[in-house]
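Work through the exercises below with the coordinates open. Each task is followed by a stepwise solution.

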Amino acid sequence: MIKKDSGANKRAIAQMRHEVIDNSIRIENLLNRIIQTDLGLEPHYVPYVDELGNETDFEEIENINQVSRFRKFFLDKSSLEKKFEILKDILRKNKQKSVPEKFWKDAKDFREIRNTFAHTLAPKYPDKNPKKLYMFITDFDCKIKDIGDWNKLYVKHTKLFNEIHKIIFNLFHSLPIT
């Protein structure tokens, strides 16, 4: 168990939590772009014309209302798990076989570790009994006893992020635009 005078450990766990959430947001943003592109709802940029009719160096989004509504009412309300399901459907629709089967298990582990960091109070208050602080239990929660366990989860999440990001990034550039 982490000792009561564990200020450095609390800061280390807070930093790990920050990076796990940040990496999860990066994956989610890439998935959002793939989903928007597949549905033809990516932003369409056009030159901005000022009140005198002159084109400027700025651009504006021609379809901002559709893009904003889609983001607000669908993408922002969809879970990371749902977005991975949509990606699976997009790949099936486009007959993409380039994702290894292991990818889907990695994506599940990635989400579970993210949820452990995001929803477990133990990282914020590691000097208390973590079993009483869990808001929900995942496979990973049972393995967390001290700072070393949080570090192992962090290292695994970082490794999964690098693998998943590489695959999704490549998919984004290889899927056809509808």
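The exercises that follow concern a predicted model.

**Exercise 1. Describe the fold at chain level.**

Step 1. Six helices and two strands make up the secondary structure of the protein chain.
Step 2. Their order along the sequence is α-β-β-α-α-α-α-α.
Step 3. Among contacts with a separation of 6 or more, 73% join residues 24 or more positions apart.
Step 4. The protein chain has 178 residues, of which 37% count as buried. About 11,300 Å² is exposed, with 54% of that supplied by carbon and sulfur atoms.

**Exercise 2. Check the length of helix 3 and find which side of the helix is buried.**

Step 1. Helix 3 covers residues 80-93, which is 14 residues. The expected span is 1.5 Å times one less than the number of residues, so helix 3 should span 20 Å.
Step 2. The end C-alpha atoms lie 20 Å apart, in agreement with that value.
Step 3. The buried residues of helix 3 are Leu80, Lys83, Phe84, Ile86, Leu87, Ile90 and Leu91.
Step 4. These residues lie on the same side of helix 3, because the arc they cover around the axis is only 160°.
Step 5. An α-helix has 3.6 residues a turn, so residues three or four places apart point the same way.
Step 6. Just after helix 3, lysine 95 has a positive phi of about 55°.

**Exercise 3. Decide where the coordinates call for caution.**

Step 1. The mean pLDDT of the protein chain is 78, and 75% of its residues reach 70 or more.
Step 2. Residues 1-5 have pLDDT below 50, with 15 contacts in the model beyond near neighbours in sequence.
Step 3. Residues 130-138 also have pLDDT below 50, with 17 such contacts.
Step 4. Where pLDDT is low, the predicted coordinates should not be read in detail.

Key: Residues numbered from 1 in each chain as written. Predicted model: local features only at pLDDT ≥ 70, side-chain atom pairs only at ≥ 80, totals over all residues. Heavy atoms only, no water. Helix = DSSP H or I, 4+ residues; strand = E, 2+ residues; numbered from the N terminus. Buried < 20%, exposed > 50% of the residue type's maximum accessible area, 1.4 Å probe, protein only. Arc of directions from axis to C-beta. Contact = heavy atoms within 4.5 Å. Areas by Shrake-Rupley, 256 points an atom, 1.4 Å probe, with all protein chains shown as cover. pLDDT = per-residue confidence, 0-100.
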